[in-house]
Amino acid sequence: MCVLKKICRIRINVRLILIFLFLFIGISYGNGETVFEGKRAFDFLKKQCLLGYRVPGSAASLRCADFIESELKKIGIPVKRQSFRTYSQLQGATVTGINLIGDYRGDSVTSDILALSAHWDTRPIAEKDPDPSMRDKPIIGANDGASGVGLLLEMARVLKERRYPGRILFLFFDLEDSGVSGSFEQWCLGSRYFAGHSLKEYPITAGINFDMIGDRDLKIQPERFSLKFAPDMMREFMDLAEQKAPSHFNKNRLPFEILDDHEPFLRKGISYINVIDYNYPYWHTQEDTPDKCSPNSLQTVGNIAVEYIFFRWKKIKNNP
Ligand SMILES: [Zn+2]
């Protein structure tokens with residue numbers, strides 16, 4: 001009898017300890033900060049690829065616009081469509097482009113507007129494919145298109161749940177990738193349209209563009225236009241990135257000039273950097289598929305980007 005009572009008491013105590021432990025873990029998780037999940041970003045990447053080739057004006061492209069819009073709405077970020085008509089040199093036709101503008105506003109009253117952008121269109125040709133018979137076919141753009149969008153959608157969730165205090169525009173640009181080599185003006189048509197028509201309505205203070213950041217062999221170095229025209233921001237970002245992930249970022253490696261969606265904003269005098277891994281052997285080939293990308297790469301870039309965005313906010317608040 002006595003022994004049984006003792007066993008019962010021990011059992012009750014163990015049960016109490018377990019209850020407290022679960023409560024403690026539950027409270028800890030409840031209060032914990034939302035973290036960027038590379039796997040979620042990678043799922044967004046795969047979903048876009050399953051929609052088909054997001055060639056401007058195509059049915060798959062419209063499905064992808066709906067997908068991005070609905071994901072932003074799910075998070076609770078209002079989104080607008082900006083349509084524009086433009087000539088696509090690669091398609092040899094006038095097409096309707098769509099930029100998607102997610103407008104997040106935190107609790108602070110601020111004039112600072114940070115833009116985070118990526119292009120969501122995919123290239124209508126695969127001119128770098130080793131097989132000449134495949135070069136006139138479109139690419140699925142797992143890294144060149146879908147990776148930046150996946151990253152941005154997951155970042156939107158994280159920044160919203162962590163109640164980022166400032167204002168962020170999530171910009172999804174169409175027709176980045178419809179230019180031909182040597183014709184400067186045919187690239188980045190969505191961002192050019194936005195920078196030419198919308199800066200009064202959206203007076204962006206600074207921006208970060210993400211392109212081809214899903215490469216499973218992630219190696220990022222500074223981009224030359226960013227370094228030249230937004231040097232402080234590019235250096236700050238690379239300093240943090242190299243410190244956090246030295247095997248993936250190298251701030252001292254020789255930068256190349258990349259014409260991308262940051263360029264129209266740099267022309268307007270806005271600090272806008274481009275985060276891109278341009279050493280991607282499957283670039284503009286039929287092989288730019290999800291298996292060449294990795295959730296880990298998206299995780300690495302996502303973690304750093306979120307940390308940099310909060311770091312930048314603190315800096316602004318301390319030096320208004
Ligand atoms: Zn491209």
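Biologist: Is Met 212 buried or exposed?
Modeller: Met 212 is buried, because 28 other C-beta atoms lie within 10 Å. The cut-offs are 20 or more other C-beta atoms within 10 Å for buried, 12 or fewer for exposed, and partly exposed in between, with C-beta atoms placed from the backbone. This is a predicted model: local features need pLDDT of at least 70, side-chain atom pairs count only at pLDDT 80 or more, and totals for chains, interfaces and linings use all residues. Residues are numbered from 1 along each chain as its sequence is written.

Biologist: Where does Met 212 lie?
Modeller: In the loop between strand 5 and helix 6 (224-229). Helices (H or I, at least four residues) and strands (E, at least two) are DSSP runs, numbered from the N terminus.

Biologist: What is the phi of Met 212?
Modeller: The value is near 50 degrees, so positive, and Met 212 is not a glycine. Most residues other than glycine have a negative phi.

Biologist: And what about the phi of Leu 175?
Modeller: Positive too, near 55 degrees. Leu 175 sits in the loop between strand 4 and helix 5 (189-197). Leu 175 counts as buried because it has 32 C-beta neighbours inside 10 Å.

Biologist: Now the sheet. What order do the six strands have?
Modeller: The order is 1-2-4-3-5-6. The sheet is open and its pairing is mixed. Strands pair if DSSP finds at least two bridges between them.

Biologist: Which are the edge strands?
Modeller: Strand 1 (79-88) and strand 6 (271-276). Each pairs on one side only.

Biologist: How are neighbouring strands turned against each other?
Modeller: By 20 degrees on average, direction ignored. Axes are lines fitted to C-alpha atoms, for helices over the stretch in contact, and angles run from 0 to 180 degrees between N-to-C directions.

Biologist: How many bridges join strand 3 to strand 5?
Modeller: Four. Strand 3 is residues 113-119, strand 5 is residues 206-211, and they run parallel. Ala 115 stands opposite Gly 207 of strand 5.

Biologist: In what sense do strand 1 and strand 2 pair?
Modeller: Antiparallel, over 10 bridges. Ser 83 has Ile 98 in strand 2 as its bridge partner. Strand 1 and strand 2 form a hairpin with four residues between the strands. There, Gly 92 takes a positive phi near 65 degrees.

Biologist: Which strands does helix 4 lie across?
Modeller: Strand 2 (93-105), strand 3, strand 4 (167-173) and strand 5. Helix 4 covers residues 142-161 and runs at about 145 degrees to strand 3.

Biologist: At what angle do helix 3 and helix 4 pack?
Modeller: About 15 degrees, with axes 9 Å apart. That makes helix 3 (59-75) roughly parallel to helix 4. The cut-offs are under 35 degrees for roughly parallel, over 145 for roughly antiparallel, 65 to 115 for roughly perpendicular, and oblique for the rest.

Biologist: Which residues of helix 3 and helix 4 meet?
Modeller: Helix 3 brings Ile 68, Glu 71, Leu 72 and Ile 75. Helix 4 brings Val 149, Leu 153, Ala 156, Arg 157 and Lys 160. Contact here is C-beta atoms, placed from the backbone, within 7 Å.

Biologist: Last one. How do helix 2 and helix 9 cross?
Modeller: At roughly 120 degrees, with axes that come within 8 Å. They are therefore oblique to each other. Helix 2 is residues 38-51 and helix 9 is residues 295-318. Among the contact residues are Phe 42 of helix 2 and Leu 298 of helix 9.

Definitions and conventions:
Contact = placed C-beta atoms within 7 Å.
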